[in-house]
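Colleague: Got a minute to look at this one with me? I'd like to start with the ligand.
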Amino acid sequence: MRNISVKMKITVWITLLMTVLFALLLAFMVFISNSVIRQTAMKQLAGTVQEKITQIQVSDGKIQFAENFLFYKNGVSILVYSKKESLLAGQLPVSFTTAEPFQNGQLRTVRSDQTSYLVLDLWIPDGWENGFWMRGLMEAPESGQTVRNLVTVAFIALPFFIFLTAFGGYGILRRAFRPLSSITRTAENINEAKDLSRRIGLPPGKNEFSRLAAVIDALFERLEKSFEGEKQFTADASHELRTPVSIIKGACEYAEKYEETPEERRETISMIHRQANKMSDLISQLLNITRLDQGVDALYMEEIDLGALIKKICRERTYDQNCLGLNLQDNVTVKGDAALLTRLAENLIDNAFKYGLRETTPASEVLQISVFQEGEEALLRVQDYGPGIPQEHQEKIWQRFYQVDASRGQATGAGLGLAMVRQIAQLHGGYMTLESTEGKGSCFTLHLPFSEKKKSF
Ligand code: ADP
């Protein structure tokens with residue numbers, strides 16, 4: 001039963017159900033037609049007996065029939081009996097052999113000699129004590145023929161009916177289930193060909209299958225993107241790690257092959273050291289990013305005063321204080337993870353120092369770090385007056401491993417900083433914006449939901 005398709009199961013179920021309904025309908029029709037025929041016969045018997053009773057007169061123990069009195073009319077035999085129940089007039093049907101006792105006004109069925117009769121007796125009084133019986137007798141209508149006709153029709157119609165229900169139902173179900181087959185086929189193809197770029201591509205519609213197909217397509221889209229992202233990330237990470245490894249290998253091979261002066265050896269060792277540091281930085285950045293990918297579960301959220309956080313960072317880091325201009329509003333609080341927000345701010349400030357200072361930066365154009373509240377948002381703004389970021393790079397700098405001037409990558413970093421900054425902002429329910437004009441400088445702003453500091457009394 002488990003291997004039978006849903007289409008087949010529904011078809012069999014509907015066909016059985018319809019057949020049972022058909023049989024019930026047939027039985028109902030037989031019952032109704034029987035009772036209609038019987039009712040009609042009873043009415044006919046009662047009407048004829050009533051009519052006949054008006055056509056006779058009784059007086060002084062005698063009974064007189066009207067001139068055109070018929071003892072057999074409309075299939076009804078009229079019989080007149082004396083009080084002592086002896087037949088006075090009328091012809092008893094041959095097969096009515098039963099000595100049926102008289103019952104005034106009772107219409108009933110009496111079975112006699114294989115035949116059923118409808119019987120109605122009426123008492124015709126003659127004075128106080130005497131009188132006559134009038135009996136109406138009618139063969140009860142046979143329902144057999146009607147039933148036979150109905151059953152014959154049913155047996156001719158039933159195969160057509162079953163055929164129509166089964167094939168029609170199966171056809172409709174097959175059409176209705178076609179999108180599902182297409183969904184299954186596409187999913188199988190994707191699985192077999194390992195090709196996440198395929199889509200089910202059903203035309204949009206409101207039925208369940210179109211919606212399911214759209215949801216699955218969207219799922220494939222996300223899977224493909226995330227899969228591509230993962231691939232790209234792994235490729236970029238290995239590429240970034242390969243460069244310092246090759247430099248270290250090259251330096252070691254050179255040192256093994258050639259005799260180096262102590263001066264050269266010191267230089268080689270310091271180069272290896274630099275590259276090892278670079279790798280270590282990269283690895284810890286990769287680890288951080290992977291941790292951030294795990295989402296909010298890893299966050300330790302607390303009330304943080306953004307201004308105080310910036311002051312602490314500036315105190316602890318060895319920034320050239322001459323280049324820093326601070327404009328920090330008090331009590332700009334947010335809910336956040338202090339370690340992550342510190343990492344975010346350090347990245348922005350480090351970048352401003354790395355890229356945003358020019359040899360010729362006038363004293364008035366120092367780096368500006370501001371913290372303030374705007375509406376429902378707490379803002380941290382890091383502004384520099386450096387070379388700025390060309391328009392076409394402004395969207396891309398948030399991507400992992402993206403660097404505007406890749407040739408400077410060796411010296412500056414791996415292009416992971418801003419990707420991490422944006423990820424941290426998003427994890428805190430906020431976002432980053434960038435305004436930058438070439439030749440004039442860049443302004444990175446973190447927008448976070450402002451959190452009213454609970455006052456302690
Ligand atoms: P990294 O600094 O390691 O290269 P980031 O993700 O921090 O990576 O930055 C990506 C790129 O954005 C940098 O390579 C740099 O070209 C550009 N950039 C970042 N901050 C600034 C800035 N303040 N001014 C100009 N360019 C910037």
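Colleague: Which residues come nearest to the ligand?
Modeller: This is a predicted model. In it, 17 residues surround the ligand, and Asn 351, Tyr 355, Asp 384, Gln 403 and Leu 418 come nearest.
Colleague: What kinds of residues make up that shell, nonpolar, polar or charged?
Modeller: The shell has 9 nonpolar, 6 polar and 2 charged residues.
Colleague: And which element supplies the largest share?
Modeller: That's H6, with 3 residues. Helix H6 (338-355), helix H9 (417-427) and strand S15 (441-449) each give at least two.
Colleague: Where are the ligand's oxygen atoms relative to backbone N or O atoms?
Modeller: A ligand oxygen is 3.0 Å from a backbone N or O atom of Gly 415, and there's a 3.2 Å pair with the backbone of Ala 414. On the side-chain side, an N or O atom of Lys 354 sits 3.1 Å from a ligand oxygen.
Colleague: How much of the ligand's area does the protein cover?
Modeller: It covers 95% of the 530 Å² that the ligand has accessible on its own.
Colleague: Switching topic: how many salt bridges are there?
Modeller: The structure has 12. One of them pairs Glu 51 with Lys 73, with the closest N and O atoms 2.9 Å apart. Glu 51 is in helix H1 and Lys 73 in strand S3, so this pair ties together parts 22 residues apart in sequence.
Colleague: Is Glu 51 buried or partly exposed?
Modeller: Partly exposed, at 28% relative accessible area. Lys 73 is partly exposed too, at 25%.
Colleague: Which residues form a network of salt bridges?
Modeller: Glu 100, Arg 108, Asp 121 and Arg 135 are linked that way.

Terms used: Residues numbered from 1 in each chain as written. Predicted model: local features only at pLDDT ≥ 70, side-chain atom pairs only at ≥ 80, totals over all residues. Heavy atoms only, no water. Near = heavy atom within 4 Å. Polar contact = N/O pair within 3.5 Å; in protein donor to acceptor, adjacent residues only side chain to side chain. Areas by Shrake-Rupley, 256 points an atom, 1.4 Å probe, with all protein chains shown as cover. Helix = DSSP H or I, 4+ residues; strand = E, 2+ residues; numbered from the N terminus. Nonpolar A, V, L, I, M, F, W, Y, C, P; charged D, E, K, R; others polar. Salt bridge = Lys/Arg side-chain N within 4 Å of Asp/Glu carboxyl O. Buried < 20%, exposed > 50% of the residue type's maximum accessible area, 1.4 Å probe, protein only.
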